[in-house]
Amino acid sequence: METNTLSLTFEPFLAWPLIAVAALLAAALCATIIVMGLRGAWLRTLAAACLVLALANPVILNEERAALPTTVAMVLDTSQSQRLGERLDQTDAAASELERAFERFGQFDLRIVETGAAATGTATETRLFDALRSALRDVPPAQVGGAVMITDGQIHDLPETLAELGFDAPVHGLITGRDDEFDRKIELVEAPRFAIVGTPVEMSYRVTDQGAMPAAGQVVNVELFLNGELHATAQAVPGQVYPIDIELDRGGANIVELRVAELDGELTGNNNRAIMRMEGIRENLRVLLVSGEPHSGERTWRNLLKSDASVDLVHFTILRPPEKQDGTPINELSLIAFPTRELFVERIDDFDLIIFDRYQNRNVLPTLYYDFIAQYVRGGGALLVASGPEYAGPNSVARTPLVSALPAAPTGGVVQAGFYPRLTDDGARHPVTRDLEGAGSEPPQWGRWFRNVGVTDIEGTTVMQAGGDAPLLVLNTYEEGRVGLMLSDHGWLWARGFEGGGPHVGLYRRLAHWLMKEPELEEEALTATSEGDRLSIRRQTMAETAGPVTVTTPSGDVLTLDLVERAPGLFEAELQTDEIGLFNLENGDLTALAHVGRTDAPEFRDMISTAEPLAEAVRETGGSVRRVAGNGSVDVPSILPVRSTADASGRDFMGFRTSAETELRGVGRQALFGGFLGLGLMILVIASMWYREGR
């Protein structure tokens, strides 16, 4: 709407002091002639006044102004809690109805902004007031008519006072959801981020009932899962804090999950599970290295294990069997006696790995002890046999009760010829030898070995082979434990740099950690990690193909992703997501858990829709807060423009201030003594004066 405004201003031809002097002189002269009673005195006075006024140059201004629109912001909450039930549908319906209502009022400029969605994968809070400030940042405060927020009421940036918004206008709230909602959640109160493997640690949790709970205060069952497997159960009364112990059984990343059963009719099951990522730290890996005789490769194993600060190494070398008598004093052979009973009977379970390096049965260990070692492996221990020619001889450990745990039996033959150790097809996919440096060319980019022990009756997986496809490195799972069999004692040639050396450090270290069941080296594994809004899925397998992975999102949606082969035995996929929470992954018999966003995200702390926090905050602005859910429909109040002094809310309406601000479109000017108008006026006055003088 445009309006015209008239105003008077002066644009003097002379400086105002000079015009003032001229006015005083004219006033004095006119006063004199009036007192003297001269004829035409009043006409002369009028002529002088017109002359002085002409010097001041009065100008009439005609301003054309247009009323500026009043800006109103409509903030739509699209956070993850808004995806529960019919909340998003209610939001869309209410927003559409408000848009139609505002279109009937031309003075309102409606700005719509959506906020709360995890656009970057890290949005774990609903920050509606930050979005409101951003939407009105370029609007002068006098032109802000107010704001309306459509939300479930779970807002995490409520200001202490709305004066911080920078405008004086009503803020209204429309609350989605139902007033009879109820929800049960479980949360971790205290939980360490790190724990020593094998040492119990205490954590605490609390179950909370919210809303119109049908059976409040009842005892509930709580299940504790570790890496997807049930670890313990407990009972809890909602509202109280309870301790619970957990003991990690492996190093690296562990997923700890607490779970309570979902109630019929409750708002969501997303917060019926509380999870955290706990890093398992091995206090120290205890390794027993028994060398059967001094040889060049003995130092390679010793140096490798001693260089790892996390390894406690116990090393014995059998310099002389009991039946051998060569005159060498015992005190020159060893510092202490070989404590066979203590190591292989009393404390055998204290070791994470036992290595027999070119060891043969020379009656140092009683025959029964080999059976103890086999039982140790069967119960979950790790054994590595790094063999040489002795493995093919009559004193081979394969001719003891330990044979039940060994993955291959010797044929009695030893091949003495140069060969390049090569990966088998299985070895190219196995985590121990996959992408081993130098293996990608033919011949491999490493030095040759010159001795290989022949074996038969192979069990397990042959990952490396010698000349003529003879097995070189065999890995096997023996009930709960693992066994590795290296069929050559020439790995030290790589350590010495012969013909360029080879990746002995990487091979031996991976081999040792696979035997000790490091999760990253599992042949069949499904893992997932998150970074921002990206979920990276990794599948390791010994098969040539891997089927699709099924992903269940926190909201319950089920997605199917195809895995792409990145390397032999390694398949990967990525998922961009705008959800935060726990993702369940399945591929065949394997399952995995991954959490996107903060595990203690405020978005999941309270999910019951509520009007109270927002109503408390907007009360000082004169705004109103009400629910939009009606009897199967959305009930939105009408829109009214109001003056700054009128009430901004009522039983069935929301009021928004109208702005009195205008915009100058153009200015017209007319000088009173300019042009023919001024000339005619002056001629009229002078002619009147002459006419009076002539009479």
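How much accessible surface does the protein have, and what share of it belongs to carbon and sulfur atoms? In the predicted model examined here, the accessible surface comes to about 33700 Å², and carbon and sulfur atoms account for 50% of that area. Of the 695 residues in the protein, 47% are buried. The secondary structure consists of 12 helices and 36 strands, and when contacts between residues at least 6 apart in sequence are considered, 72% of them join residues at least 24 apart.

Helix α1 spans residues 16-36, and its 21 residues reach 30 Å from the first C-alpha to the last, close to the 30 Å expected at 1.5 Å a residue. The buried residues of this helix are I19, A26, C30 and I33. Viewed down the axis of α1, these buried residues fall within an arc of 60°, so they line one face of the helix. Such an arrangement can be read against the geometry of helices in general: an α-helix has 3.6 residues a turn, so residues three or four places apart point the same way. On the face of α1 turned away from the buried side lie the exposed residues P17, L24, L25, V35 and M36. The helix is followed by G37, whose phi is positive, near 70°.

Aromatic rings form a further set of contacts, and the structure holds 12 aromatic pairs. One of these joins F102 and F108 in an edge-to-face arrangement, with 5.7 Å from centre to centre and 85° between the planes. F102 counts as buried because its relative accessibility is 3%, and F108, with a relative accessible area of 8%, is buried as well. F108 also pairs with F656: the ring centres are 6.2 Å apart and the planes stand at 75°, so this pair is likewise edge-to-face. The pair formed by F108 and F656 links distant parts of the chain, since F108 belongs to strand β4 (residues 108-115) and F656 to strand β35 (residues 653-657), 548 residues apart. F656 is itself buried, with a relative accessible area of 0%. Through ring pairs, F102, F105, F108 and F656 are linked into a cluster.

Aromatic faces also meet the side chains of arginine residues in this model. R286 lies over the face of F351, at 5.2 Å from the ring centre, and R482 lies over the face of W514, at 4.8 Å from the ring centre.

Conventions: Residues are numbered from 1 along each chain as its sequence is written. This is a predicted model: local features need pLDDT of at least 70, side-chain atom pairs count only at pLDDT 80 or more; totals for chains, interfaces and linings use all residues. Side-chain values use heavy atoms; hydrogens and water are left out. Helices (H or I, at least four residues) and strands (E, at least two) are DSSP runs, numbered from the N terminus. The expected span of a helix is 1.5 Å times one less than its number of residues. Buried means under 20% relative accessible area, exposed over 50%, partly exposed in between (1.4 Å probe, protein chains only). The arc is that of the directions from the helix axis to the C-beta atoms. Contact means heavy atoms within 4.5 Å. Accessible areas come from the Shrake-Rupley method with a 1.4 Å probe; for residues, only the protein chains shown count as cover. Rings of Phe, Tyr and Trp (its six-membered ring) pair if their centres lie within 6.5 Å; planes under 30 degrees apart count as stacked, over 60 as edge-to-face and the rest as tilted. A charge sits over a ring if NZ of Lys or CZ of Arg is within 6 Å of the ring centre and within 35 degrees of the ring normal.
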